[in-house]
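Here's a protein chain to look at together. Take a moment with the picture, then we'll go from the overall layout to one particular residue.

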Amino acid sequence: MLDVLQKRFKVDFVWEMHVRTGRSERDCYRWKTGKAAPDFEALDRLINSDVGDLVLLTMTRGSTQPWAVAMRRTYEIAKARVDMEAAQRRLAALERGIIP
């Protein structure tokens, strides 16, 4: 999971983790180097942050448990609906420009 978050926060991983978890920058640096891992409270704060979806999806990737499969499917459906709504707005805007 930390690898995925390091890719997301390429420049300021330690600071980003510090802000989201409330842990010291030293603790977050230790996570980055693999010398330590986030505890339950830090994971809870990450899950309840703006990157919570990324954390949960990463942690359950490969799980075949029905609840995990359903969660990933629900996430994909929600994402598809957002994409579809954006496409519909774009289409409507284009049509307004074509049809007087």
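## The chain at a glance

Walk along the sequence and the protein chain reads α-α-α-α-α-α. The radius of gyration is 19 Å, well over the 13 Å that the globule rule gives for 100 residues, so the protein chain is more spread out than a compact globule. Keep in mind that this is a predicted model. As for the count, there are six helices and zero strands.

You can also get a feel for the dimensions: along its principal axes, the C-alpha trace spans about 65 × 35 × 20 Å. Buried residues account for 22% of the 100 residues. Now take the contacts between residues at least 6 apart in sequence: 36% of them join residues at least 24 apart.

Here are a few values for the outside and the charges:

| Item in the protein chain | Value |
|---|---|
| Exposed area | about 7300 Å² |
| Share of exposed area from carbon and sulfur atoms | 56% |
| Positive side chains | 18 |
| Negative side chains | 14 |
| Distance between the centres of the two charge sets | 4 Å |

## Zooming in on R23

Where is R23 found? Look in the loop between α2 (13-21) and α3 (25-33). Is R23 buried or exposed? Its relative accessible area is 15%, and buried means under 20%, so R23 counts as buried.

And which residues does R23 touch, leaving out those up to four places away in sequence? They are H18, C28, W31, D39, E41, A42 and R45.

Terms used
Residues are numbered from 1 along each chain as its sequence is written. This is a predicted model: local features need pLDDT of at least 70, side-chain atom pairs count only at pLDDT 80 or more; totals for chains, interfaces and linings use all residues. Side-chain values use heavy atoms; hydrogens and water are left out. Helices (H or I, at least four residues) and strands (E, at least two) are DSSP runs, numbered from the N terminus. Buried means under 20% relative accessible area, exposed over 50%, partly exposed in between (1.4 Å probe, protein chains only). Contact means heavy atoms within 4.5 Å. The radius of gyration is taken over C-alpha atoms; the globule rule is 2.2 Å times the number of residues to the power 0.38. Accessible areas come from the Shrake-Rupley method with a 1.4 Å probe; for residues, only the protein chains shown count as cover. Lys and Arg count as positive and Asp and Glu as negative; His and the chain ends are not counted. The place of a charge is taken as NZ of Lys, CZ of Arg, CG of Asp or CD of Glu.
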